[in-house]
Amino acid sequence: MNLNQIFTNQRTGNNPHTKASRTDFQRDFDRIIFSSAFRRLQNKTQVFPLPGSVFVHNRLTHSLEVSSVGRSLGSVIGEFIHDNYQSDLTEDSKSFYLHNLGNVIAAACLCHDVGNPAFGHSGEDAIASYFDRNENDLKPKFNEKEWADLVNFEGNANAIRVLAQQQQGKDAGGTQLTFATLASIAKYPCEAIARDKKIIHRKKFGFFQNEKDIFLEIAKGTNLISESEEPHIFKRHPFVWMVEAADDICYNIIDMEDAHRLGIVSTADCQNLFFELVKSETDDVDRVKRKLDSIGNDNEKISYLRAKVINALINKSISMYKQNFDKILEGNLDKALLDMYKGENKALQDIASFSVEKIYNHKAVVEIENAGYNVMYELLDHFIPSILKSEEERKSYDTKALKLLPKQFVYEEGSDYQKTLGVIDFVSGMTDNYATDLYRKIKGIDIGMTM
């Protein structure tokens with residue numbers, strides 16, 4: 001890929017450029033911060049149930065931390081490209097890599113989870129399973145590619161839709177971000193029917209059929225390498241690896257710290273796991289030990305080690321990105337940066353294995369996943385059968401159900417696929433609390449007027 005042609009300030013919605021003190025890529029970051037989709041992440045589960053008496057991360061705080069890590073990765077790697085590829089770069093490109101790559105990665109990290117439903121990954125599973133379990137009734141209403149979108153519902157693809165599609169009565173282009181930022185969150189740049197779990201950039205999918213034309217514009221504007229046009233399959237954009245690394249660094253480490261604060265993981269276990277990783281990446285173990293011994297509070301000990309671990313993983317990710325830069329530009333790297341490192345570092349392997357056993361299968365986590373699955377499934381079942389009926393077929397209960405749908409999610413003149421996506425937009429955008437409250441009301445568990 002040509003380093004001069006993989007970024008652009010072109011935006012969705014053909015939004016005209018205006019002179020401003022901020023760069024186009026800084027404006028992306030600010031637009032995301034002030035968007036309602038980002039704001040709703042404050043009440044979406046990361047791993048542990050919300051809210052509680054002990055502070056744990058939600059999707060919003062997770063995204064802010066990922067963005068901070070991503071800015072560091074982008075800034076250092078931008079300097080690396082600027083300093084080592086001078087002869088290949090135009091003056092505009094030199095300025096971009098030196099001053100703005102960090103902004104692009106920070107913005108992309110900030111919005112990488114905006115397409116994720118409430119209740120963590122169980123929300124995604126509930127949406128996909130709803131269509132799978134109702135295949136006999138629903139599948140005939142959609143073509144093959146549309147059906148693949150629905151039975152494989154994916155938060156990454158939904159993020160492109162949330163950020164770029166035009167809702168009823170709203171501006172074209174959605175949040176109107178630059179193609180550079182949108183390309184950076186496209187971990188799986190292919191259609192749903194091209195999914196292949198053995199291939200890193202096709203383990204899931206990156207856009208719905210409804211946003212295919214938008215995605216093709218993004219791909220063209222950032223010169224994504226095409227592997228196939230039917231179905232559409234692209235190789236990852238080089239910036240994606242930094243966004244993915246920032247996300248992987250944060251959730252691998254922060255989930256452990258949250259589990260410690262909740263008493264799920266002992267101080268000894270958490271400290272030993274973190275210290276072993278720090279020890280594998282530092283030449284000054286004695287200084288780290290002395291600092292630990294000087295801290296009396298257990299939570300502060302873990303916070304100190306967490307910071308050291310994240311710093312070590314940032315440095316390692318930068319090193320691995322540089323080492324694999326040619327493969328990344330060619331689109332031929334077949335593992336995530338942190339997965340590559342995990343293969344050679346036992347301490348990180350131990351953290352991952354411990355997390356699966358003690359955290360992700362903990363009763364509190366499994367309970368919220370089960371509850372979330374049922375809430376999301378039932379909400380879809382309340383709206384989708386009704387929205388797919390013609391006006392002549394609708395009964396009184398169908399009409400009543402649809403009155404609960406906000407107007408921006410109702411596409412009465414659209415296809416069955418577009419009507420269904422409108423309902424999914426509504427349900428997937430809900431916070432944990434809102435989804436739970438609406439579920440309780442439509443099921444008759446809570447009855448009465450609330451203002």
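**Figure 1. Asp28 and Arg11, a buried pair.** Both residues, Asp28 and Arg11, are buried in this predicted model. Their side chains form a salt bridge, with N and O 2.7 Å apart. The bridge ties together distant parts of the chain. Asp28 belongs to helix 1, which covers residues 24-33. Arg11 sits in the segment before that helix, 17 residues from Asp28.

**Figure 2. A salt bridge within helix 1.** Arg27 and Asp24 meet through their side chains, at an N to O distance of 3.1 Å. Both residues lie in helix 1. They are 3 residues apart, about one turn of the helix. Arg27 has a relative accessible area of 7%, so Arg27 is buried. Asp24 has a relative accessible area of 15% and is buried too.

**Figure 3. The network around helix 1.** How are Arg11, Asp24, Arg27 and Asp28 linked? These residues are joined in a network of salt bridges. The pairs of the two preceding views reappear here: Asp28 with Arg11, and Arg27 with Asp24. In the model, the count of salt bridges comes to 26.

**Figure 4. Arg59 bridges to Asp113.** Which residue forms a salt bridge with Arg59? The partner is Asp113, and the closest N and O atoms are 2.7 Å apart. This pair also links distant parts of the chain, with the two positions 54 residues apart. Arg59 is in helix 3. Asp113 is in the loop between helix 5 (101-110) and helix 6. Arg59 is buried, and Asp113 is buried as well.

**Figure 5. Asn58, just before helix 3.** Asn58 is placed in the loop between helix 2 (36-39) and helix 3. Is Asn58 buried or exposed? Asn58 counts as buried, because its relative accessibility is 11%. A polar atom of the Asn58 side chain lies 2.9 Å from the backbone nitrogen of Leu60.

**Figure 6. The largest pocket.** The volume of the largest pocket is about 1000 Å³. Its lining is made up of 40 residues. Nearest the centre are His121, Lys204, Asp247, Asp248 and Tyr251. By residue type, the lining divides into 14 nonpolar, 11 polar and 15 charged residues.

**Figure 7. Helices around the largest pocket.** Several helices each supply at least two residues of the lining. Among them are helix 3 (59-84), helix 6 (121-133) and helix 12 (240-261). Farther along the numbering, helix 17 (337-342), helix 18 (346-359) and helix 19 (363-387) also take part. Which helix gives the largest share of the lining? That is helix 12, with 7 residues.

**Figure 8. Cys109, a cysteine without a disulfide.** How many disulfides does the model hold? The count comes to 0. Cys109 is in no disulfide, and the nearest cysteine sulfur, that of Cys250, is 8.1 Å away. A disulfide needs two cysteine sulfur atoms within 2.5 Å. Cys109 is buried, because its relative accessibility is 0%.

**Figure 9. Cys270, another buried cysteine.** Why does the sulfur of Cys270 form no bond with the closest cysteine sulfur? The closest one belongs to Cys250 and is 15 Å from the sulfur of Cys270, so it is too far for a bond. Cys270 has a relative accessible area of 0% and is therefore buried.

**Figure 10. A cis peptide bond at Pro231.** Most peptide bonds are trans. The one that joins Glu230 and Pro231 is cis, with omega about 0°. Where is Pro231 placed? Pro231 is in the loop between strand 1 (226-229) and strand 2 (232-234).

**Figure 11. Gln176, with a positive phi.** Most residues other than glycine have a negative phi. Gln176 is not a glycine, yet its phi is positive, about 60°. Gln176 is found in the loop between helix 9 (155-164) and helix 10 (179-184). Its relative accessibility is 13%, so Gln176 counts as buried.

**Figure 12. Asn223, also with a positive phi.** Asn223 has a positive phi of about 55° without being a glycine. Asn223 lies in the loop between helix 11 (212-221) and strand 1. With a relative accessible area of 35%, Asn223 is partly exposed.

How values were computed. Residues are numbered from 1 along each chain as its sequence is written. This is a predicted model: local features need pLDDT of at least 70, side-chain atom pairs count only at pLDDT 80 or more; totals for chains, interfaces and linings use all residues. Side-chain values use heavy atoms; hydrogens and water are left out. Buried means under 20% relative accessible area, exposed over 50%, partly exposed in between (1.4 Å probe, protein chains only). On a 1 Å grid over the protein atoms alone, a cavity is a set of points where a 1.4 Å probe fits but cannot get out, and a pocket is an open set with protein on both sides within 12 Å along at least five of seven lines; lining residues have an atom within 4 Å of a point. Grid points are joined across faces, edges and corners, and a volume is the space filled by probe spheres set on the points. Helices (H or I, at least four residues) and strands (E, at least two) are DSSP runs, numbered from the N terminus. Ala, Val, Leu, Ile, Met, Phe, Trp, Tyr, Cys and Pro count as nonpolar, Asp, Glu, Lys and Arg as charged, and the others, Gly among them, as polar. A salt bridge is a side-chain nitrogen of Lys or Arg within 4 Å of a carboxyl oxygen of Asp or Glu. A polar contact is a pair of N or O atoms within 3.5 Å; within protein, one must be able to donate a hydrogen and the other to accept it, and residues adjacent in sequence count only if both atoms are side-chain atoms.
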